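Hello,

Here is the structure I promised to pass on to you. Please have a look at it first, and then read my notes below.

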Amino acid sequence: MKIINTVQSALDMHRPCFSFEYYPPRDRANWPAFFQKIERMSLLAPRFIDVTWGTGSPTSMDTLEIAKDIQAQTHIDTMMHLTCTHRSKAQLMDILRDVYEGSELRNIMALRGNRPKDGIWQPHPEGFRCAAELVRAIRDAYGDAFCIAVAGYPEGHHEFGVPAPEFAGSDEYYRQIEHLREKVDAGADLIVTQLCFDLEQLCRFRDDCVARHIQCPIVPGILPIHSAQTWEKIAAFSAAIPAKLAEDYARIGNDAAAFDHFAVELLSRQISFLHAHGFWAVHLYTLNHEKLISRVLQA
Ligand code: FAD
């Protein structure tokens, strides 16, 4: 089923719902354990599950297989990410035909794709130049058959790092919201955001989107702090860390129990804040970790 329908009904009823993002394990030998984890986490009743697309990586086509298998095995609505990187329009449309004809999966997150580690993003010579073009092509070919999600950036999209706090409110910030509106106008049903710790900014971003006539649901992406490595390698490079949070983290040092307490308390607090501010649907970047999310959602 299309996730926009179930997400919208949760929003209409002010009923909390969650979704889980996974990435394909690099090694096929790890697939059985991965699927078992998804089965266990499915008992937490995520509203939908999504699977990232490994831009340029040899495992990118694994996403297709894994997303179709999750849909078939769990019967939970599943969304496959698809990026414009390295593939012609015809190749991407072949992938979509495979999804449409070969599975019940009806949810696509349409993305441009990450830039390469050491360069700028270049379109394929016969490819799409941005996510909006991919969204439009899916709508042209399939009408309303697919629910299409797109990426939003509460703190701004920046190729080379986290934008400075003053970016919000700048001309470029509003220009990016215009680009987001282009994606919605092209046919997107839903926006899922980049991970964000500054939840006040997330609220402001939503208000700024609404003020610019973006009517579709905005689902905030939250990164649970599964480990110190998650914090040091991912969180700090992908989103601004509010000063108070940085201080709390700095106090932990090597104390494992204090880290555990910090991670659980932070995720619980973020979810409570989001619900209190009308974000009934929350998207969790699992990074394929189970423990923290299970603990917090069961509680
Ligand atoms: P677009 O919306 O196409 O925007 C790309 C850039 O072009 C932006 O800076 C935008 O401001 C600019 N732009 C867009 N339209 C115009 C225009 N008309 N004129 C001028 N400038 C324009 N990456 C992966 O490789 N695989 C994944 O599975 C994946 N999943 C993601 C999930 C989420 C929720 C998010 C937030 C990001 C994800 N990404 C993923 C990362 C994403 O691919 C990168 O952030 C990428 O750099 C931008 O993708 P986009 O779809 O937002 O691009």
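**Around Phe197**

Leaving aside residues up to four places away in sequence, Phe197 touches Leu223, Ile225, Ala235, Ala239, Ala240, Ile241, Pro242, Leu245, Leu266 and Gln270. Please keep in mind that this is a predicted model.

Phe197 also belongs to the largest nonpolar core, which has 81 residues; together with Met80, Leu82 and Ile138, Phe197 is among the members that touch the most others. Helix H10, residues 256-276, gives this core its largest share, with 8 residues. There is also a second, separate core of 18 residues, and Ile4, Leu11, Cys147 and Trp280 are among its members. As background, nonpolar side chains tend to be buried together in soluble globular proteins.

**The overall picture**

Stepping back, the protein has 11 helices and 8 strands. The C-alpha trace spans about 55 × 50 × 45 Å along its principal axes. How does the radius of gyration fit a compact globule? For 299 residues such a globule would be near 19 Å, and the protein has 19 Å, so the two agree.

Of those 299 residues, 54% count as buried. Among contacts with a separation of 6 or more, 79% are between residues 24 or more positions apart in the protein.

On the outside, the accessible surface comes to about 14,100 Å², and carbon and sulfur atoms account for 51% of that. As for charge, the protein has 30 positive and 38 negative charges, and the mean positions of these two groups are 1 Å apart.

**Two loop residues to look at**

Most residues other than glycine have a negative phi. Two residues here caught my eye in that respect.

One is His86, where phi is near 65 degrees, a positive value in a residue other than glycine. You will find His86 in the loop between strand S3 (78-83) and helix H4 (89-102). Is His86 buried or exposed? With a relative accessible area of 55%, His86 is over the 50% cut-off, so it counts as exposed.

The other is Leu287, with a positive phi near 50 degrees. Leu287 sits in the loop between strand S8 (281-285) and helix H11 (291-298). Its relative accessible area is 23%, so Leu287 counts as partly exposed; the buried class would need a value under 20%.

If you open the model, Phe197 and the residues it touches are a good place to begin.

Best wishes

Key:
Residues numbered from 1 in each chain as written. Predicted model: local features only at pLDDT ≥ 70, side-chain atom pairs only at ≥ 80, totals over all residues. Heavy atoms only, no water. Helix = DSSP H or I, 4+ residues; strand = E, 2+ residues; numbered from the N terminus. Rg over C-alpha atoms; globule rule 2.2 N^0.38 Å. Buried < 20%, exposed > 50% of the residue type's maximum accessible area, 1.4 Å probe, protein only. Contact = heavy atoms within 4.5 Å. Areas by Shrake-Rupley, 256 points an atom, 1.4 Å probe, with all protein chains shown as cover. Lys, Arg positive; Asp, Glu negative; His and termini not counted. Charge placed at Lys NZ, Arg CZ, Asp CG, Glu CD. Core = buried A, V, L, I, M, F, W, Y, C linked by side-chain atoms within 4.5 Å.
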